[in-house]
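Please look over the model shown below. A short report on its parts follows.

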Amino acid sequence: PADPADLDDHVDHDPVDGAHDRADGTDALHAWVDDIAALTRPDEVVWYDGSPAETDRLTKLLVAEGKLIRLNPEWRPNSFLARTDPGDVARVEDRTFICSEDADDAGPTNNWREPEGMRAELRDVFAGSMRGRTMYVVPFSMGPLGGPLSQLGVQVTDSAYVAVSLGMMTRVSPAVVSLIEAGAPWVRTVHSVGAPLVGADGVRSEDVAWPCNETKYIVQFPETREIWSYGSGYGGNAILAKKCFALRIASVMARDEGWLAEHMLIVKVTSPEGRVFHFAAAFPSACGKTNLAMLSPSIPGWTVETVGDDIAWLRQGPDGRLRAINPEAGFFGVAPGTGEKTNATAVSTLWGNTIFTNVALRDDGDVWWEGLTDEPPAHLVDWEGKDWTPGCGRPAAHPNSRFTVSAAQCPTIADDWDAFDGVPIDAILFGGRRATNVPLVAQARDWRHGVFIGATVSSEQTAAAEGTVGELRRDPFAMLPFCGYNMADYWAHWLRVGERLGEHAPAVFQVNWFRKGDDGRFLWPGFGENARVIEWIARRVEGSAGAVSTPIGRLPVVDELDLDGLDLPEEDVAELFEVDRASWLAECDLTEEFFDRFGSRVPPALRAELASLRYHLRG
Ligand code: SAT
Ligand code: MN
């Protein structure tokens, strides 16, 4: 550990000024760490190497400090429960800023702040923000170390919980420092919970179980590839490798370098004949993304294995095909709703070595959350540490409570999940939660049509009357809070990537597990039965299944979607694939209004797709 008294000697420039060359070797790394320490003034600086021994030391420290509860090792070995401050339970989108030089580069869907002003603000809030605490330095790789699709980063944080979580979610290793020494570029990320233990008056105060600050900043500087996060210890606010780096900053890197950083799961699908496919899929939240990533097919002969559950980085490989990696090494999944019936794979992944956050504690020292079992235990301690009994009117686990676990522990993890060169992508899927209009599955005519489908992804809360659509919440490419630049420029980037891929471009599909009948019933059983849709997509990719052209894309030929044993009424099947022209024309008007938000930056090709859709709908 560095002697804090020495730190001032190392300050050769302002750490918040952003004037760092990203590829400038080990001296730059140490100088940067020293600069951050001089600004934030921790008691000591500790480099975290991600090793089991160091992880064990930190979790023991967190238990001793009352920040983690060790679960009963008989039920849940080497596992812990963290309870957050009740005001720090999710990402804070209204405090998430994209500080590009030009406001138009952030676009209408991001909170933009002028970088110089934001740097001045950050300098104030970070000054002394780690006083009395330990600052951990965490060097990490997103993707296999040194891989062609991988990237490096370093996070400093004054939270040991965050350091250990980062150790599960990424590849933390001293080897990262060696690569940086050799000149590899890296992303600088700074995190403080914003709760110094020593005040300006030098008086030391008691720590709390979950330190944080009411004022929060989640700040991305896209041009200098920097992230500054203050005031929160939770998930995407604090594990900066995840949404901040792997999506917001990486999307900008990808734009500049010709690749894609996407909010997508990746699965490996094997047909009964042993043919292997890889699909990447984007879904807005609450659309069953984790369940699809860990799907147990209901149909014989098919297997689905997990490559990634949340983020995909995709790049054209030397053979011309689009290859993808899961840049993460762990899952940060929503606990409620994860049970034997909905996602048995996730449940068995969590057998041990797991950090749970904001779930309920059982009297036997294990955990519970809504949906884990049909019946709750007779008594629990809820996520706020209060006594809980069934019927007391409060949820036992916070609705956004989470598990953090290594991907390698997942029983359905694919053998190629950490392939150095990534996996070749055969199909890209876009999903939403749509009660109306969008059929169970449709194939895009081509890449350009696929980009239109991705750009118009939406979810709707209520089933609407016939000929109308409900209120649509747009979430283009499921990237609304995660695209680090102007969303319309991002669509243009996708179009450019498709041009470069040419004949190698993967097929694109739209799926919707949530279509409802006029009576408000879900028309499709979902979960394991979604494998039937996966089968049709695989058959389309290999060219063995037919499709009928409609104005909105290519739909399965009747009888080619395997519905054996499902017992679906014929009318329901018809409704699942019905293309209601009036209702679709109404949706086109909403799409035009949505596009208009982005003004002249909307790629003309997408305006042309909309015009063509209307033309064909009018017949
Ligand atoms: O907290 S995370 O951003 O990691 C998860 C989510 O909110 O999507
Ligand atoms: Mn996500």
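This report goes from domains to helices, then to annotated sites and two backbone angles.

**Domains**

The model is predicted. The domain assignment of the protein chain gives domain 1 as 4-65 + 92-257. Domain 2 takes 261-329 + 418-618. Domain 3 covers 331-409.

How far apart do the C-alpha centres of domain 1 and domain 3 lie? The distance is 29 Å. Six residues from domain 1 and six residues from domain 3 make the contact. On the side of domain 1 that touches domain 3, helix H6 (residues 160-169) gives the largest share, three residues. That side of domain 1 holds three nonpolar residues, two polar ones and one charged.

**Two helices that cross**

Turn now to helix H12 (residues 447-455) and helix H17 (residues 604-618). Their axes come within 10 Å. They cross at roughly 85°. Angles from 65 to 115 degrees count as roughly perpendicular, so H12 and H17 are roughly perpendicular to each other.

Which residues make this contact? From H12 come Arg448, His449, Val451, Phe452 and Ala455. From H17 come Ala605, Leu606 and Glu609. The residues of the contact of H12 with H17 divide into five nonpolar, one polar and two charged.

**Annotated sites**

The UniProt entry, which is unreviewed, carries the annotation "active site" for Cys287. Cysteine 287 sits in the loop between strand S14 (276-282) and helix H10 (289-293). Is cysteine 287 buried or exposed? It has 23 other C-beta atoms within 10 Å. The cut-off for buried is 20 or more, so cysteine 287 is buried. Not counting residues up to four places away in sequence, cysteine 287 touches Gly431, Gly432 and Arg433.

The same unreviewed UniProt entry is the origin of a "binding site" annotation. That annotation covers Ala286, Cys287, Gly288, Lys289, Thr290 and Asn291, among others. It also includes Arg402, Arg433, Phe527, Gly528, Glu529 and Asn530. These positions are spread over 245 residues of sequence. They are spread in space too, up to 25.7 Å between C-alpha atoms.

Two more of the annotated residues deserve a look. Alanine 286 is in the loop between S14 and H10. Alanine 286 has 11 other C-beta atoms within 10 Å; the cut-off for exposed is 12 or fewer, so alanine 286 is exposed. Glycine 288 also lies in the loop between S14 and H10. Leaving aside neighbours within four places in sequence, glycine 288 is in contact with Phe283, Trp513 and Gly526.

The table lists C-beta neighbours for residues named in this report.

| Residue | Other C-beta atoms within 10 Å | Class |
|---|---|---|
| Alanine 286 | 11 atoms | exposed |
| Cysteine 287 | 23 atoms | buried |
| Glycine 288 | 19 atoms | partly exposed |
| Asparagine 353 | 19 atoms | partly exposed |
| Asparagine 437 | 22 atoms | buried |

**Positive phi values**

Asparagine 353 has a phi near 50°, a positive value in a residue other than glycine. Where does asparagine 353 lie? It is in the loop between helix H11 (340-349) and strand S19 (355-357). Asparagine 353 counts as partly exposed.

Asparagine 437 has a phi near 60°, also positive in a residue other than glycine. The place of asparagine 437 is the loop between strand S26 (427-431) and strand S27 (441-443). Asparagine 437 is buried.

How values were computed:
Residues numbered from 1 in each chain as written. Chains lettered and ligands numbered in written order. Predicted model: local features only at pLDDT ≥ 70, side-chain atom pairs only at ≥ 80, totals over all residues. Domains from an automatic or database assignment. Contact = placed C-beta atoms within 7 Å. Helix = DSSP H or I, 4+ residues; strand = E, 2+ residues; numbered from the N terminus. Nonpolar A, V, L, I, M, F, W, Y, C, P; charged D, E, K, R; others polar. Axes fitted to C-alpha atoms, helices over the stretch in contact; angles between N-to-C directions. Parallel < 35°, antiparallel > 145°, perpendicular 65-115°, else oblique. UniProt positions renumbered as here; feature names shortened; annotations may be inferred.
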